[in-house]
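Q: Please explain how the terms used for this structure follow from their definitions.

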Amino acid sequence: MEDKVVHGQPDLLTDFDRQRVAADDLRTEELLINMGPQHPSTHGVLRLMLRTDGELVLEAIPHIGYLHRCAEKIGENVTPVQFVPYTDRLDYLAGMNNNHGYSLAIEKLCGLEVPERARYIRVLMCELNRIASHLVSFGCYGLDMGAFTPFLYAFREREYILDLFEATCGQRLTYNYLSIGGVTQDLPGGFADKLAHFLDYFEPKIDEYNNLLSYNYIFVKRTAGVGVVSAADALAYGLTGPCLRASGVKWDLRRCVPYEIYDRFEFDIPIGIAGGAIGVPREVVVGDSWSRYFVRMQEMKQSVRILRQALQQLPAGEFRAKVPAALKVPAGEVYLEVEGARGQLGYLIVGDGKKTPRRVKIRGPSFCNLSIATHVCRRVLIADVAAILGSIDVVMGEVDR
Amino acid sequence: MANFTVEDALRSRWSASAKPRAVRTFAVLGIVLAVAALGLGYLASSAPGAGYWLAVLGTALAGVAAMTCLGAAFVIQFSRLVGTWLFRLAFLIFVGGLVGIALLAWVPALLYEQVDAAVADHYGAGATGVLTVADLEAVGWALPTDSIEVRRQGAVGWAPPTDSIDGRGKAVVGSAHPTASFLAYALWPLQFRLTRDILALVGVVGFVSLLAMFTIWWERKVAGRMQSRLGPMRVGGWHGWAQSMADGIKLLQKEDIYLEGADRPLFKLAPYIAFMPALALFLALPFSAAWICRDLDIGLLFILALAGIGVLGVIVAGWASNNKWSLLGAMREACQMISYEIPLGFALLVPVMTTGTLRLTAIGELQAGGFHTWLAFQSPFTLAAAVLFFTATLAACKRAPFDLPEAESELVAGVYTEYSGFRWSLFFFAEYAEMFAVGALAAILFFGAWYSPLPANWGAAWLHGPLWQRALYGILFNGPLWLIFKGFFFLFVQIWLRWTLPRIRLDQVMYACVQVMLPLSMLVLLGATFWALLVPHGSMLAVVANLACTALGVGAVLAIIGIVFYGYSNRRQLVGTLAIEHWPGS
Amino acid sequence: MTGEAIAFYLLAAVVTAFALGCVLASNIVRMALCLLGTLGGVALLYFLMAANFLGAIQLIVYAGGTLIVIVFGVMLTSRAYGTKLRVRPLEMIGAAVVTLALLAGLTAILVRTAGPVVSPSTPDFGVAQIGTELLSTYLVPFEVISVLLLAVMIGAAYLVQPEKK
Amino acid sequence: MVGIAHPTSMSNIEQLLVAGVLIPLASFLILALCGYRLGKPLAGWVAVLAIASSCVLSAAALVKWHGLDEAGRLAARSAPVLWAYLGSVPLAFGVNLDSLTLIMFFMVTLVSTCIFVFSVGYMAGHSDEIDGLSKFHRFFTYLSLFGFSMLLLLIADNLLLLFISWELVGLCSYLLIGFYFHKKSASTAAIKAFVTNRVGDCGFIIGLGMAYLYLGDLSLSGAAQAFAGQWQTHGPLFSQTFLGLNLATWMGILLFCGAIGKSAQFPLHVWLPDAMEGPTPVSALIHAATMVAAGVYLTARIFVLLTPEAQLFVAVIGCITLTLAALVAMVQTDIKKVLAYSTISQLGYMMLGMGVGAWIAALFHLLTHAFFKALMFLGSGQVIEGCHHEQDMRKMGGLWRKMPVTCGTFLVGVLAIAGAGIPAIWMPNHTPFGLGGYFSKDEILAVAYHRVYGEENVAADAPVGRGEAEASPHTGNTAVVAGAAPIQNPKSKIQNAALPPWLFWIPIIIAYITPFYMLRAWWLTFMGKPRDHHVYDHAHESPLMYLPLVVLALGTFFSSYYLFRPLVADAAPTPFLTAAFDGEATEAADAHGLLIGHTTHAALARIVGGAFVVGFFVAWVLYRRGLGLAEKLATALRPVHVLLSHKFFFDEFYGLVFVGGTMVLKAVSYAFDKYVVDALVNLSALVTERLSWISGTILDQGVVDGAVNGVGRGTWSLGGLARSPQVGRIRNYILFAAGSVAVVVLWMAFA
Amino acid sequence: MLTIGLTHYLVLAAVLFCCGLYVMTTKRNAVGILIGAELVLNAACLNLVAFSRYRTGRLDGQIAALFVIVLAAAEAAIAIAIFVNYYRLLSTIDADEGRQLRG
């Protein structure tokens, strides 16, 4: 199957190709169009140069760098504790996960032991933030497809999560909560009840949204079979997270290379399934936009499962280890990846015994995921570009760093 | 400005010193004018001949001016009080205006009836001629009803008390009374076509502007409710009713931006090309059998033609913007439009074929016999044609899920990308006017036009009764209110779809048209033809089909009502069961 | 000066103005818009001549269909920043001379051969008559045209199909 | 004249017939739309069900019709439905309800039903997947469409509707011949059939145009009346001549051209043998039983429009055809080709019958022929299918052991086509005995005999001249006013003159040849020793396929004189311009059964009564011991054998003349274009260019002065201007056209 | 002058015709030529309807005009298809460039 893929449009999609004849008919001359950096469906300041032929996109080249803030360089000039807030601004939709990765990497380098309660709180926060991030993705994807209403629903649920975050750390977007050695403060009173309440409320909503959007005929028609990424391509382009799993690769760091305490929880890894299976429309191809979108919807359910278990097991105790006031980054090198909301978020930290690390390098999943865009956006319609980009779900803060 | 209200506007306009001065000026002026009016009135009572009329006119003018000035003084003096009351009643006034405009439908009809009857009375039935004021004066209000009935069968209007008719059915001509003279002067211009046309034009323009403003606000409210939010709430007080007006004012003040390299004249012209046909098609759109600006024998074609021309404005806008997104939008519009006009036309042919006329009033009149006589329920094919028509009009009006020309998530804002301010709003006026027009067209062609679901002949007795009976008849059985209601219903369905469905891709739009709707509409047309040929009216099959389709229609209506009631009674539950009270201090 | 005369002269002025606009415009889309004006004016003239159906058809088919196809064609075939295609002045002069000569000749003939002004001899025909005529007297041309339209449809689809790779 | 009728006002019989036509159409639509989903056996059974119900309906109609008296039959006809006006000519479509329609309808549906059933078995054995798509349902789709169009053709009461269905059956024929279109020979044969038929149809449509123009009415009855009126008033059809023949004759001949093509008459017979490339059921149904007979049917329908000259033309064509085809059939080795040529030959007999005025006999022969030829084709299909698609008779032999039923039923067909029967004079009770083929062929020959030799007998008791025709009560409903002043009889000399004798004698000779080649085919296939054991071992027969054979064999038995002929005779047109002989024959036949003039039959019995015995005997002698003797004979008569086995070189001749001719024409026109037109164009361009070059360059250089430069440039641009008509600019062409118009207009205006 | 008769319409049609002709002869853009042709056709239609109105008293002129309108639509569709092909082939819409077929 791999060798059949020629230009990102596998041959097996013959009847979709047949439908595209209409698009081919409008072929006239090549047009260079600037999609972004202020385009509504590029999710931030991504700029795509589209070489189109009428409505048919021949090539889409991403131009990045509009949100570059020298995050890595800053990381080399501030102490690890000071750098944690900067990580919030990488993937600003899932700040907790960013904090988490960096903290884990520093802790590993410095050999710090994190208290048990803090570990659970970290998992709670990461999974909640994953849900929040996927909700944004879900809502915006609907918006990209021209369905406005799901966006508002998604944001309504996200509000509740942000309320929880606000109660926990006082912030709604950039938390600086998961810090080196644990979390900055303990959970507020009554948090467990609120969270349990929220989970009970939220879980059935996922099915509702599936019925509302995922199985909508038009939505399926728009997304299924569009932007198919084969497993081989996904691996070759270094795709991670939902984008990789949608291509049928069962790879999730939380399960495959367990970090923190993820090995203590039961959860499944949702992957892309070919059309015809239960709950999957017939038109769906493994690795298409619908699969990427739907993997996120299923991941929210899994996160709810993890949250429930973590809440049950949540121990009492310290929320933070004793961290020396003047933490020195020991000489050495550590590279650590966590499963962020968008994929594998990696931190490479090289220390040389000073207060500041000598080198900080961040592997942003969005950056790698975006690299597939050119490959996939060949001979698709302009509307499909929005569908593909939305399903890749990039956050420009992380791409540009 | 978040809390800007009408009250604020009223309050901020007047500085401390200006207010008493204005009040004083207006009060004095008012009193002077009132005295003048009284004097002229005195003169009028004694002056002979032409002087009498001059004095009467003067009295009237001076009286009106005096009332205006005194009123102004009062309003300014008690501006806070008035503002508050206005503020409270504002929405009522707004909605009342809307309804009033619709009700005004009757007023011209009423007056025209009087004048036509007078002409008929004077020159004989069916003849034409020009009446002088004196003729009208002599006729007065006592007009025979039978001539009215002959000329305006089924029209809603006012009829004089029947006791003023003598045994021969002729009016008893009373002596000229001063009120009769006023009326005669007022009615005299109405016998000319030009006057009526100008009045109708004014009505149409007023209706379209009000309609667009109301619909934009309504759409935002509906969208809000669908998305578990409130929609506009601030401007105007009650549920932000003045939002569209505020937006309009804002848009008027905005800078009119042109792009460097845009084709300026075309760029400026395009919104008008889009707007004018949308406005003009109301000229041939009957609001009821009596209230129509021009009852064309090809009314349907006329409306179709104008709807087709309006598209050109959008296309030209896209082209003239010198923006590739706009260009793409324009191309989408062009190919979508050309494709969907064909199934639209086919679907339209079905009622035309069934009724055998292109005159919209004639098509409407055929559906007077109640719910089951509505054209959509005549056969399975007319029902299918109604559905096809509605779908095609969605595409024709660029409404979701066919809103590709402006597809904001794909083409930024499509053809409207480079437009701002008033020109931008003109496109939206056109769009909403057209939406209402196709909804009304659907009602006229398929869903009983201006008739209520009740058979009109149930109220036939009221048609000749006193004014209140005739008004009741107009509300219950037959009248522009029903058409407006139906038009708004279809408009609501369009809004409903927009906030529910994702957008279709271009190739799917074309596929849906060429491969699905086109053959389907051809089949429906063919089926309707054979139905008309082979199933005689009143045969068993026809009756069964009619009843089945009617049952379907009734079911749909009941389902919608049921859903509405369910939604309304469960409105608290639907929003969400979670209420996280905020932590203290957060 | 009857109402008809006023309307005619007004419409004639509009039609001529738009036709001249077509002549003078260098931008192809403007030409198309002027064509729209001309078509609309001619349609109104049809209304004036009591050919209501024809007027409406003119608006629907010409203005709503043909013109959009033309504008669509313009968009497909000209870049937004297209170079102006101008003809040499000599050619323009030649064309002007020829067309003006033609106009002069035609007008002269028309004026010379004009009979007395007679009032229109037709009753106002309705749509029904046109339909009856089309399906009886003019059945054969009607059918031929339907076949032609089919051929045109296939031909147009064939012409613009993408070349096979 | 033409009443507007609501469809429901049709009589019962008409409704039955219309339903019978529409059911196959419904089946066609069903199969075309969802035939693929119905799958392999089901799609076939849908078609069978449709045609079988048509058959039942037509049988019911026939029974009803049989029970009606003359008045009831007249009453059963309803006014045609007005469809539209073609100019001033009303186009009304209705059902042409008469005995011929009914009996043909019944025959077509019955034969079709048999063949459809057979096809289900036949096609099931074929793995017909092309490009991954099964062709099974498509076959039945086409068959259903054919059923519809053929039946429509039968009930058409209007030449235009007839033409439409005529073209529809042609289309079906084309589709079905080319059914195995991946086979080059099949697609070529399909195209050949289509093109050849178009040649004929070309004539037909011109004839139709003439009918429209001169008669002003395209309905069959209306045209006949108008024709009569023309004759009476000596209208343009009769007064105007072209190449010595009057236009009426030309119209008849042109209309008959359609029949020439469809019925594979000389010279357009070449397509039918090739059409055997189609599946065998198709050959049986379309190219033997029904469609090719449509030509004869058409001739029968337009018989009243044929002048005696045109009739002679028909007879001559028929005679030539039957001779050529029978001769060729003698040497064919492909079993289907033999049958194809025998079909052509029999069609020739029918046309001959039509031409000599044996209207009833020809149609009677059509009916009997339909049965036995369908029977034999299906038999051959059974053989071919059983023998692993082997069609060469030389490789068969001895198959009777393997396929007894086929063998027996085939023999019935052979006997029928050979005209096996015992003439009345040799029967003790003077009642002849024989199969249908015997009676029908015999009657055609008898009529021919009369026309050649028995004219004096006939002239006495049958009116020939117009005057008598008017007076005769047989004229019935024709529009001739009795007692009208006799006008110049437009009938030409040959009306009263006897036909040339060879029109009688050649068919007689062929009547001897027919049993020969038919028995040859049967013997080579079924009798003797197996010559190819591979084929022999494979041979088998299946009940689904031989059941229809049995039904058709029964039909062949019973399609006899007593059952079919009276019905056909009912429908015979009251002779108007026809030779009145047939009227006499009808009278006689009705009165005495078979006694078509004792003398004639006695003479005939002496001449051809034993023809089938002779033919059979010769064939038996020749092929009794296999092919050896025949091959020796072929070597001995080599030139004749070559001529016959190459089918008189018709294909080669056409290839040379028409295809080659077109090529030559192409070459000539190309040469003309290249050497004359282009040369002229180039020359003028060259001259203009030279001129401008001379004026621009030579003069300029010759005169050095700068002032002259301007002149030179001017000349150059003038030259350019002069050249501009040829630079290919559309605008300039328009300008020049407009300029010339302007000159003319100015001249008109001011001169 | 004050009563409108046939000649008025004919003169107007002549003006329209000449405008169309001028457009056809002076525009290099192929679509422009098409627009000119449409003007010419409109002039013809106007003539037909005027004759029908003022001379024949029958519907023939209107119906002929109807056919002309339909044919013009067909013509435009084919012409645009050809132009699109032309544009693909030559990358320009300049009618003067299409000269490969000249003698």
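A: Helix α2(C) and helix α2(E) are roughly parallel to each other, because angles under 35 degrees count as roughly parallel, over 145 as roughly antiparallel, 65 to 115 as roughly perpendicular and the rest as oblique. Their axes cross at roughly 5° and come within 10 Å. Axes are lines fitted to C-alpha atoms, for helices over the stretch in contact, and angles run from 0 to 180 degrees between N-to-C directions. Helices (H or I, at least four residues) and strands (E, at least two) are DSSP runs, numbered from the N terminus.

The model is predicted: local features need pLDDT of at least 70, side-chain atom pairs count only at pLDDT 80 or more, and totals for chains, interfaces and linings use all residues. Residues are numbered from 1 along each chain as its sequence is written, while chains are lettered from A and ligands numbered from 1 in the order in which they are written.

Q: Which residues of α2(C) and α2(E) make the contact?
A: Among them are L35(C) and L39(C) of α2(C), and I35(E) and L39(E) of α2(E). Two residues are in contact if their C-beta atoms, placed from the backbone, lie within 7 Å.

Q: What makes β6 and β8 of chain A edge strands?
A: Each pairs on one side only. Two strands pair if DSSP finds at least two bridges between them. The open sheet has the order β6-β7-β8 (chain A), with antiparallel pairing.

Q: How do you know that β6(A) and β7 of chain A pair?
A: These strands share 8 bridges, and the definition asks for at least two, so they count as paired. For instance, E337(A) has G346(A) in β7(A) as its bridge partner.
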